Amino acid sequence: MTVLLDFRSDTRTVPDAAMRAAMAGAEVGDDAYGDDPCVLRLEEAGARLLGKEAALFLPSSTMTNLVAVLAAAPDPGTRLLTGAHTHVARMEDVGMRRFARVDLVPLVQGDDGAPDADALEAALRSGARAGRPQVVSLENTCMLHTGNALELAVLDRLAGLARSYGAHVHLDGARLANAAVALGLPVEKLAAPADSVTFCLAKGLGAPAGSLLGASASFVDQARSLRLQLGGTMHQSGVLAAAALSGLSGVSRLAEDHALAAALARGLASVPGVEVAEPSCRTNIVTVRVRGVSAVELMRRLGEGGVRVLPLDDGWVRFVVHREHRRDAVPVVVRTLAEAVRLRTVLG
Ligand SMILES: *Cc1c(COP(=O)(O)O)cnc(C)c1O
């Protein structure tokens, strides 16, 4: 087997030398007492980046989404409206139902990954008619949906619709930095339509752990208390915050991941029998499928060739490109996929 190329997720990035040096030298306090200087600096930088009054450092984006929904929807029976193929609907639904006591309402998503506006409006209308509090969670980039970056106009329109029904607008922007870089917009512009926003530090930016919640100062105050209740308050977390601050300086570097993903998409599309999804604004994700081969089988065959991917629905598998990958990975992956397709032909 050749070198192992891991395309399962950009959470597989590991701290680089600058990040490790920042961690080693981090001045720390105790964030439970609000006096960890690195955490305070990170939260200030996060608020600026996201264009919100305040930001809160949390251990993961899953907890950030949960805290945001709990802060926006303190009453049980709140409706949580989100695309059926979002991280919230697919990976966080059990926790959201159990801990936030929401009714999760999955919405049809269009080809761009945005929830269908008519479906959203119908859901908002029926919730409003029943007098139920509602939260709309948008996702950018759309991680199970080709990694497409949603344009600002799309987010504005959907957020405006949600707000016209009195709903809280949350943006799961775990990869919002990727969307911003791909669209050539500041992160804060893309966060502006949302009342609260999740921003992951441990994906393409490479921090070992952590996520930011950006919102109004009063919302972040509530979130801080919810974080404590959930056991998400950490102590010398300045060590992690220092790594995250180092990661934040690498937002523009994500363009290199996007260029490599584009090269990978072109290379994979050259293999006969392979379908490569073409999002209107590609970021660091490439999804492919091969007719007659299930996603799990395709994953297995690629894995035998040293290339690791994750299976999605409808036969698609997902490659997530990140800074651990180099240009010379592209021909290796293309060869490995060609071999996997050839096997299909040989085996009938
Ligand atoms: C990765 C991801 C999350 C969860 O992030 P963790 O830090 O692993 O909990 C949430 N939402 C989206 C869109 C993601 O891509």
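**Helix packing and an open sheet in a predicted model**

Reader: In this predicted model, what makes β12 and β13 a strand pair?

Author: Two bridges join β12 to strand β13 (residues 317-320), and the two strands run antiparallel. Since pairing requires at least two bridges between the strands, β12 and β13 count as paired. Within this ladder, L310 stands opposite R318 in β13.

Reader: What is the strand order of the sheet, and which strands stand at its edges?

Author: The open sheet has four strands in the order β9-β10-β13-β12, with antiparallel pairing. The edges are formed by β9 (274-276) and β12 (310-311), because each has a single partner strand, so that one side of each is left without a neighbour in the sheet.

Reader: Which helices pack on the sheet, and at what angles?

Author: Helix α12 (residues 254-269) touches β9, β10 (285-290) and β13, and its direction makes about 15 degrees with that of β10. Helix α13 (residues 295-304), for its part, touches β10, β12 and β13, its direction making about 45 degrees with that of β13.

Reader: Why is α6 called roughly parallel to α7?

Author: Helix α6 (residues 117-129) and helix α7 (residues 152-164) pack at an angle of about 15 degrees, with their axes 10 Å apart. Angles under 35 degrees count as roughly parallel, and therefore α6 is described as roughly parallel to α7. The crossing of the two helices is right-handed.

Reader: Which residues make the contact of α6 with α7, and how do they divide by character?

Author: A117, L120, E121 and L124 of α6 meet R157, L158, L161 and A162 of α7; these residues divide into six nonpolar, no polar and two charged.

Terms used:
Residues numbered from 1 in each chain as written. Predicted model: local features only at pLDDT ≥ 70, side-chain atom pairs only at ≥ 80, totals over all residues. Heavy atoms only, no water. Axes fitted to C-alpha atoms, helices over the stretch in contact; angles between N-to-C directions. Parallel < 35°, antiparallel > 145°, perpendicular 65-115°, else oblique. Left-handed = near helix turned anticlockwise from the far one by under 90°. Contact = heavy atoms within 4.5 Å. Nonpolar A, V, L, I, M, F, W, Y, C, P; charged D, E, K, R; others polar.
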